[in-house]
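User: I'd like to learn how to read a structure like this one, feature by feature. Can you walk me through it?

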Amino acid sequence: MSQNPARFLIFEGELSDAPGRYETWTEHLTLLGNDSWEVEVTDTDFSVTGKPETFRAQYSSVDLIEWLRDRDGDNPIAGNPPSRVGNRLRALERYARSAGLSRLLTIIDRVRRGNWPPKPKAPRVLRVSGVTEFGRLPYGRGPKDKFLVVDTENGTGIMAIPIVGQLSAMYWLGTSRYPQCSWKCRLRKELVKQIQSLLQAEKIESN
């Protein structure tokens, strides 16, 4: 711990995995106040110049946690099973506990329980505008699955074709084969009519 109680070491590492290579670095955090943090990474490559180079950036608490999680992903805990809370995040947790930073502790606890980041609010489905085809997707049926194209308040999305009589259907934004976030949409009467019309036009049968 440095003389400044708001600045502390979060991680230190080294690389010497090749002949002639020897690199060390340290990572410090400084609490600036008002949900603001400074990250300071000092890197020294003794095999090249031996002179330290320092990177600094400022983050909010939420952005800092994501930065630390990314860094921990590059440095898995040796011999332990995969953990949502790595070395750096645990060091931040210890500091947050000693400094009484309750909001930060709550977020780290949510990370540990797998409830972070929070799922965004479901965008309202405005209309069903078409049909598309992909290879197998999480909510599709068969080797080449057909999906509905939907217009939402946040852009274009994809919806699984609902089973006959089903009152809801899974959908997600974008056209990714592996959606990061999906929601369940209640099928209003106007959406059901649009779906039926499109399926008839495309000669697609619902289950």
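Analyst: Sure, let's begin with strand pairing: two strands pair if DSSP finds at least two bridges between them. Keep in mind as we go that this is a predicted model. Here β8 and β9 run antiparallel, joined by 4 bridges.

User: Which residue stands opposite Arg186 of β9?

Analyst: That's Ser168.

User: And how do I read the two faces of a strand?

Analyst: In a regular strand the side chains alternate between the two faces of the sheet. Take strand β9, residues 183–186: Trp183 and Cys185 make up the covered face, while Lys184 and Arg186 are on the uncovered one.

User: Now helices. How does the expected length of α2 compare with the distance between its ends?

Analyst: Helix α2 covers residues 87–99, which is 13 residues, and at 1.5 Å a residue these should span 18 Å. The end C-alpha atoms are 19 Å apart, in agreement with that.

User: Which residues of α2 are buried?

Analyst: Arg88, Leu89, Ala91, Leu92, Glu93, Tyr95 and Ala96. The general idea to apply is that an α-helix has 3.6 residues a turn, so residues three or four places apart point the same way.

User: What follows α2?

Analyst: Gly100, with a positive phi near 70 degrees.

User: Let's do salt bridges. What's the idea, and how many salt bridges are there?

Analyst: Side chains of opposite charge can pair when their charged atoms come close. The cut-off here is a Lys or Arg side-chain nitrogen within 4 Å of an Asp or Glu carboxyl oxygen, and the count comes to 12 salt bridges.

User: Where in the model do Arg69 and Glu66 sit relative to each other?

Analyst: They're both in helix α1 (residues 61–74), 3 residues apart, so about one helical turn separates them. Their salt bridge has its closest N and O atoms 3.5 Å apart. Arg69 is partly exposed at 25% relative accessible area, and Glu66 is partly exposed too, at 27%.

User: What is the N to O distance for Arg113 and Asp109?

Analyst: In that salt bridge the closest N and O atoms are 2.9 Å apart. Arg113 has 49% relative accessibility and counts as partly exposed; Asp109, at 33%, is also partly exposed.

User: Is Arg188 buried or exposed?

Analyst: Arg188 is buried, at 12% relative accessible area. Its salt-bridge partner Glu190, 2.8 Å away from N to O, is partly exposed at 39%. Elsewhere, salt bridges with shared partners connect Glu27, Arg71, Asp72 and Arg88 in one network.

User: Arg88 was in your list for α2 as well. Which ring does Arg88 lie over?

Analyst: Arg88 lies over the face of Phe11, 3.7 Å from the ring centre.

User: Then how do I read ring against ring, and how many aromatic pairs are there?

Analyst: A pair of aromatic rings is described by the distance of the centres and the angle of the planes. The model has 7 aromatic pairs. One of them is Phe8 with Trp37, edge-to-face, with 6.5 Å from centre to centre and 80 degrees between the planes. This pair links distant parts of the chain, as Phe8 is in strand β1 (residues 7–15) and Trp37 in strand β3 (residues 36–45), 29 residues apart. Both residues, Phe8 and Trp37, are buried.

User: Why is the Phe147 and Trp172 pair edge-to-face?

Analyst: The ring planes of Phe147 and Trp172 are at 70 degrees, with centres 5.8 Å apart, so the pair is edge-to-face. Phe147 belongs to strand β6 (residues 144–152) and Trp172 to strand β8 (residues 168–173), so the pair ties together parts 25 residues apart in sequence. Phe147 and Trp172 are both buried.

User: Which residues form an aromatic cluster?

Analyst: Phe8, Trp37 and Tyr95 form one.

User: Last topic: contacts. What does His28 touch?

Analyst: Skipping neighbours within four places in sequence, His28 contacts Arg7, Phe8, Leu9, Ile10, Glu38, Val39 and Glu40. His28 lies in strand β2 (residues 23–33) and is buried, at 15% relative accessibility. From His28 to Glu38 is 10 residues in sequence and 8.2 Å in space, C-alpha to C-alpha.

User: And what about Ser36: buried or exposed?

Analyst: Ser36 counts as buried, at 18% relative accessibility. Ser36 is in strand β3 and, residues up to four places away aside, touches Thr30, Leu31, Gln58 and Tyr59.

Conventions. Residues numbered from 1 in each chain as written. Heavy atoms only, no water. Helix = DSSP H or I, 4+ residues; strand = E, 2+ residues; numbered from the N terminus. Buried < 20%, exposed > 50% of the residue type's maximum accessible area, 1.4 Å probe, protein only. Expected span 1.5 Å × (residues − 1). Phe/Tyr/Trp six-rings, centres within 6.5 Å; stacked < 30°, edge-to-face > 60°. Lys NZ or Arg CZ within 6 Å of the ring centre and 35° of its normal. Contact = heavy atoms within 4.5 Å.
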